[in-house]
Amino acid sequence: MRKFIFERLLFLPVVLFCISLIVFLAIRFAPGDPAEMTMQQFATEAELARLRNEWGLDKSLLAQYIDFVKGAITGDLGRSFFGNVQVIDQIKERFPATIELAIASTVVSACLGVLAGALAAVHRGRWLDHLSRIIALFGISMPVFWLGLMLIALFSVYLGLLPVSGRYETRLVLDPVTGFLLLDSLINRDWIVFQSGVRHLLLPALTMGSYAAGIVARFTRSSMLEVLGQDYVRTARAKGLSERVVVYVHALRNAILPVVTILGLQFGSFLGGAAVTETVFAWPGIGKLLVDSILLRDYPQVQASALLLAVTYVLINLLVDLSYALIDPRIKYS
Amino acid sequence: MMRSRALRSFVQNGPAMVGTAVLLVCLACALFAPLISPYDPIVQNTANRLMGPSAAHWLGTDDFGRDILSRIIYGSRTSMLVGVAATSIGLILGTLLGVMAGFVGKKTDQVIMRGMDILLSFPYILLAIVIMALLGPGISNLMIAIGVSRLPIFARVARSIVLAIKHNEYVDAARTLGARDCRLLARHILPNVVPPLIVQGTASLAEAVVTAASLNFLGLGIQPPTPDWGAMVSDGRRYVFDKFFIPLFPGLAITVVVLSMNLVGDWVRDVLDPRQRQEI
């Protein structure tokens, strides 16, 4: 176990170096010149050269990469090519929104997935099982951007229950403390902002969590079926315990172990895949910022956003791997 | 024997039959789009813009007056093509790398699998987005981006199977009898690698279609006016408030096709990996 952790931690800097290199080279070799995109057709060659010099794009690739790595280590990720704002400030503002959405989506997928999977397993072969499996199958088959639009059409346009987009109503004002809207509103005891934040979060979280809920439901069902056939469950029934206690205390607690790791991995995927959901709901997160920056060829912003998302994903996966052994002592790493 | 069992299980599996039928219809649409399609999917007709479903336009028209049904029929071409091509790229390259890593072992294994680990350190969709940024928009770039981002999964599956079987007695026996590496791979190892990779491939096909649609939705993939389901949903999202049908139908097409692929994929898994049968 120690050797496994040591090897993973030893490999981590190599992974981070490779990620930074891939991200750096991918955007540098992407078609399209940011200077031309900024100045459009009105710029002279001299103006374009001045802009490239100002952004450091006239340096060699190696020099640019060294600048980028130095900046990443010291926390100075440079200025965005557009709007002349510090990249780090943009990230500080946007990243908490993505994390908040990812946490809410994980909660949605855990609640819906575990409930559907457990009900399906307990009622195996009956209509509830079939219904649960069909819903799970639809969950993993619907593209999230389309589901998001359909939920907007239903809950926002037709029923008028929930807001269409954004993180909270723009007329409201909140003093940022951590950048996490719900947490900040709780700290400030601002219940109106909290309520607005929850209402704005519901549809994006349901949209992004639906795919994972389908996966979690399938795993929970499979895991529950295996556990329900174990001797200790039979013993619990033989002791005269009620079916509810047998299922929800003895079986579900053990069946849920592999599901926890799936949820951990899904949380990492939510961070990387948030771009689509954030685009649908105009959610001011880092995924949408990344896609917008790619389209504008805003090199510093793309590098910083992609690097942050990939590094967070790597760290979450590492934590999930390490948590296997803590959750299930039968697992041994070699 | 295996073939007759597979056929019997297919006939008994209603969802798989429905899924196959839907996919065949989609394939027919893709192949015979010019014959089936009632209108040209690209020609604009602003006099007919934003019309609801009617006898003339069964699924209505978009903001350029183009027939939505015709664009969905033509859109099946790009979805099927990108799905199949991207999965094939991932499957072929991933299998080659995985088999090489598992069979040769030592430093080759280390180098290949660390490379795969680095690719896996990106979330799947983020990796596809980064590769699309590098390559630029376009259908062939879309196939490459999705194919490369799926590659590590196939490599891992192939490697794990090769590692599990390369020291089996029948492989050792063939080696002792003088079989060369190429023969060992072709006759004894690859036949065992293929079934799990087919299971992985069918699951990946559905994911590839959704990823392609997602990248097109974000504006990073196929560019207008080429008909594509993801791009059609993206174009239609501003009409979700009053012309709901514009994003509805192309998204429904993606859902139905992906659902069908998942149904067929579940059946393929049941046939080729019976341990998981009835469990998921």
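Biologist: Which residues line the second largest cavity?

Modeller: Heads up, this is a predicted model: local features need pLDDT of at least 70, side-chain atom pairs count only at pLDDT 80 or more, and totals for chains, interfaces and linings use all residues. Residues are numbered from 1 along each chain as its sequence is written, chains are lettered from A and ligands numbered from 1 in the order in which they are written, and side-chain values use heavy atoms, without hydrogens and water. A cavity is a set of points on a 1 Å grid over the protein atoms alone where a 1.4 Å probe fits but cannot get out, and lining residues have an atom within 4 Å of a point. Here the lining is Thr78(B), Ser79(B), Val82(B), Val209(B), Ala212(B), Ala213(B), Asn216(B) and Asp228(B).

Biologist: Which helix gives the largest share of that lining?

Modeller: Helices are DSSP runs (H or I, at least four residues; strands are E, at least two), numbered from the N terminus. H4 and helix H9 (181–217) of chain B each bring at least two residues to this lining. The largest share, four residues, is from H9(B).

Biologist: What volume does the second largest cavity have?

Modeller: A volume is the space filled by probe spheres set on the grid points, which are joined across faces, edges and corners. The second largest cavity is one of three cavities of 30 Å³ or more in the structure. Its volume is about 40 Å³.

Biologist: And how many charged residues are in the lining of the largest cavity?

Modeller: That cavity holds about 70 Å³ of space, and its lining includes Asp62(B), Asp63(B), Arg66(B), Arg71(B) and Asp235(B). H10(B) supplies the largest share of the lining, three residues. Ala, Val, Leu, Ile, Met, Phe, Trp, Tyr, Cys and Pro count as nonpolar, Asp, Glu, Lys and Arg as charged, and the others, Gly among them, as polar. By that scheme the lining has three nonpolar residues, one polar, and a charged count of five.

Biologist: Which residues are closest to the centre of the second largest pocket?

Modeller: A pocket, unlike a cavity, is an open set of points with protein on both sides within 12 Å along at least five of seven lines. The second largest one has a volume of about 770 Å³. Out of its 31 lining residues, the closest to the centre are Arg133(A), Asn13(B), Pro15(B), Asp266(B) and Asp270(B).

Biologist: Which elements of chain B give two or more residues to the lining of that pocket?

Modeller: Both chains take part here: chain A contributes through helix H5 (87–122), helix H6 (127–141) and helix H9 (191–228). The lining splits into 15 nonpolar, eight polar and eight charged residues. From chain B, the elements are helix H1 (2–12), helix H2 (14–31) and helix H11 (245–272).

Biologist: What area is buried between chain A and chain B?

Modeller: Buried area is the accessible area (1.4 Å probe) that two parts lose on being put together, summed over both. With contact meaning heavy atoms within 4.5 Å, chain A brings 49 residues and chain B 43 residues. Carbon and sulfur atoms give 77% of the buried area, which comes to about 4000 Å².

Biologist: Which three residues of chain A supply 15% of the area that it buries against chain B?

Modeller: Think of chain A's own share of the burial. No other three residues supply more of it than Phe145(A), Trp146(A) and Leu149(A).

Biologist: Which side chains meet in a salt bridge?

Modeller: A salt bridge needs a side-chain nitrogen of Lys or Arg within 4 Å of a carboxyl oxygen of Asp or Glu. Between chain A and chain B the count is one. The N to O distance is 2.5 Å, and the partners are Arg218(A) and Asp266(B).

Biologist: Where is Pro225(B) found?

Modeller: Most peptide bonds are trans. Pro224(B) and Pro225(B), though, are joined by a cis peptide bond, with omega about 10 degrees. Pro225(B) sits in the loop between H9 and H10 of chain B.

Biologist: What is phi of Leu50(B) near?

Modeller: Leu50(B) lies in the loop between helix H3 (33–36) and H4 of chain B. Its phi is positive in a residue other than glycine, at a value near 55 degrees.

Biologist: How many helices does the secondary structure of chain A come to?

Modeller: Chain B comes to eleven helices and zero strands, and its C-alpha atoms fill a box of roughly 75 × 45 × 35 Å along the principal axes. The C-alpha trace of chain A spans about 85 × 55 × 40 Å along its principal axes. Chain A has zero strands, and its helix count is 13.
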